[in-house]
Amino acid sequence: MPLSAIQKVATAQNGVGAFILPCKRITLRYCDWAGSSKGMNAYLKTQLGFFAKRNPQIEIQVYKKANDHPAITAYYLNGHQRSVNVKNMAPEEIKEKLELLRNSSPEKNKRVPAKPVTSINENVRGIWSPFHGAKIKI
Amino acid sequence: MKRIRISSCATPSLAPSAARRPLCPYAAALHRTIAPHNHRIQARFQTTAAVEEFGGQKIEIETPAFKTEKTRSPSRRPHRHVTPEHMPSPHPYEANQSIKLSALRARLSLPQRFPLQTLARTLVHPSADPDPAFNNASLSILGGNLLSYYTSEHLLCNYPRLPMEVVFAATEAYVGPRALAIVASEWGIEAAAEPGGEVEPGLLQFKRLKPGEGIPAALRKQVPWKWNVTQTHRIVATDEFGSHNAPPTPQSLANVPVPMEEAAQSFVRALVGSLHLHLGAPLVKRFFKSHFLSRHLDLSDMFDFRTPTRDLSRLCAREGFEAPVARLISETGRLSRHPVFIVGIYSGKDKLGEGAGASLEEARFRAAAASLKAWYLYRPLDATVPSSMEGELDTTKWKPNMIDCGEVIV
């Protein structure tokens, strides 16, 4: 055979065609007795419905755990999860935390390296080459 | 062995009692709102019968004559209420309560009119539920054909000179088994530990392999039917990826433990098939474009040339170009440890390609490969695919596609 093919798998570019939100599930834990869950309980009663309606792609689970601080855990498409302890927080703060988890990337927090940005797309102008063009005589 | 009663479905008024489960969830939903729906159910039964012919699974379809006999023997008809634990897959009515399914529908931006019962059915692999009226075998056959059709027409219309080997590999890269399994995991599909009627319907239902158990014989790589399998055989007789043997039919995997990859890819195929049935071809084409064609695949990385210089000279002879000549364009450090040579391949006054290498021979080979890729990866401007004209009355937008005489044969 003069020519054979190299097997590959096309790689995802989330957002180039369809965008799929990485956050797939959020669980909210509350306690109906302890004071640290006061804000959480208020949030569940008044605002969680709006959040759920705005984000139909996220599966929301609410569960009670007695004698424990309230917490929010978000599960992402790649299997990672992030948790936030929301004890003694006001409903507005909990709302912010929920938005934070919704918009987060599932990857671990890491420093953005000071490397140049690379792209898979071809450069329109081409790359400068020392081997081409006018020869400079020194 | 499951029995399907055609008569009880086709004429619901004559049927003495309800079946164990509604035979088609969508039709059953319609049944509650719209009175005449016989044509729908009959259409479903045609597909079911086709599935029965395809796979090795034996399903007895009772004829009306049989039915009248058997209604008299009550022992043959276990139609009493069955607990979910005794069902092989979740009841279709459970799907409306599933938050996982509605979240999945919203995640894929599917419209509300796409029923959750069908989405739940696409998640049931034949290994979990052998009943073709409840598993995704028929839908995955349809979806698999649609996926390979849209992929191959995209490749053939946009890259008319692509060699057949690369067409096969590119199709597999877009909609091959591994690609579909990865797509399913990127859609957030989770698998049930064990299939059953009591399981959440938003989970992928399939019978898992036991630890230490090999993959089933149907999925194992088989010895080709003869050793000199031709390109024509691979195009015509087997699957769209140019395999040597035809793949197993979905229904032949009924009750067979399968790896998760197999179940996940059957889900993606079945989803595309069910989208086609419920929402129509234009939406499926948009779905395919946004979820599959938007993935990144560099076709120029998929070529593996054995003898590029020989292929190129054959190509030039075939096309009537002047014989290709390699010329040194530039070089540096010929006597050093890291020399670089830039070689161009010229046919007459036209430069066909250019390559850089650490030796003259390497640079010449790279230049020849670059010239061949420049030929094979030719892309016509604004190519129209055949499926874009489906159902169109105005065909003036259609541009006939270029058809190339094919790759170089040495």
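Analyst: Buried means under 20% relative accessible area, exposed over 50% and partly exposed in between, with a 1.4 Å probe and protein chains only. Before we start, this is a predicted model: local features need pLDDT of at least 70, side-chain atom pairs count only at pLDDT 80 or more, and totals for chains, interfaces and linings use all residues. Residues are numbered from 1 along each chain as its sequence is written, chains are lettered from A and ligands numbered from 1 in the order in which they are written, and side-chain values use heavy atoms, without hydrogens and water.

User: Why is Cys23(A) called buried?

Analyst: Its relative accessibility is 0%, and the cut-off is under 20%, so Cys23(A) counts as buried.

User: And what makes Cys405(B) exposed?

Analyst: Here the value is 61%. Exposed begins over 50%, so Cys405(B) belongs there.

User: How many disulfides are there?

Analyst: Zero, over all chains. A disulfide would need a pair of cysteine sulfur atoms within 2.5 Å.

User: Why is helix 7 of chain B described as largely enclosed?

Analyst: Of its 22 residues, 16 are buried, so the rest of the structure largely encloses it. Helices here are DSSP runs of H or I with at least four residues, strands are runs of E with at least two, and both are numbered from the N terminus.

User: How do you know that the span of helix 7 of chain B agrees with the expected one?

Analyst: The expected span is 1.5 Å times one less than the number of residues. For helix 7 (residues 137-158) that gives 32 Å, and its end C-alpha atoms are 32 Å apart, so the two agree. Helix 14 (residues 360-376) of chain B, with 17 residues, reaches 24 Å, close to the 24 Å expected.

User: What do the buried residues of helix 14 of chain B pack against?

Analyst: Their partners include strand 1 (3-5) of chain A and, in chain B, helix 13 (308-319) and strand 5 (340-347); a contact means heavy atoms within 4.5 Å. Among the buried residues of this helix are Ala363(B), Leu372(B) and Trp375(B).

User: Which elements make up each chain?

Analyst: Chain A has three helices and five strands, in the order β-β-α-α-β-β-β-α from the N terminus. Chain B has 14 helices and six strands. As for burial, 37% of the 138 residues of chain A count as buried, and in chain B 47% of 410 do.

User: What makes an empty space a cavity, and how many are there of 30 Å³ or more?

Analyst: On a 1 Å grid over the protein atoms alone, a cavity is a set of points where a 1.4 Å probe fits but cannot get out; a pocket is an open set with protein on both sides within 12 Å along at least five of seven lines, and lining residues have an atom within 4 Å of a point. By this rule there are three cavities of 30 Å³ or more. The largest cavity holds about 130 Å³, and its 15 lining residues include Pro90(B) and Phe134(B), which are among those nearest its centre. Helix 6 (residues 116-122) of chain B gives the most to this lining, with three residues.

User: Which residues line the second largest cavity?

Analyst: Among them are Lys24(A) and Glu59(A), along with Lys100(B) and Arg107(B). This cavity has a volume of about 90 Å³, and helix 5 (residues 99-107) of chain B gives the most to its lining, with three residues.

Key
Points joined across faces, edges and corners; volume = space filled by probe spheres on them.
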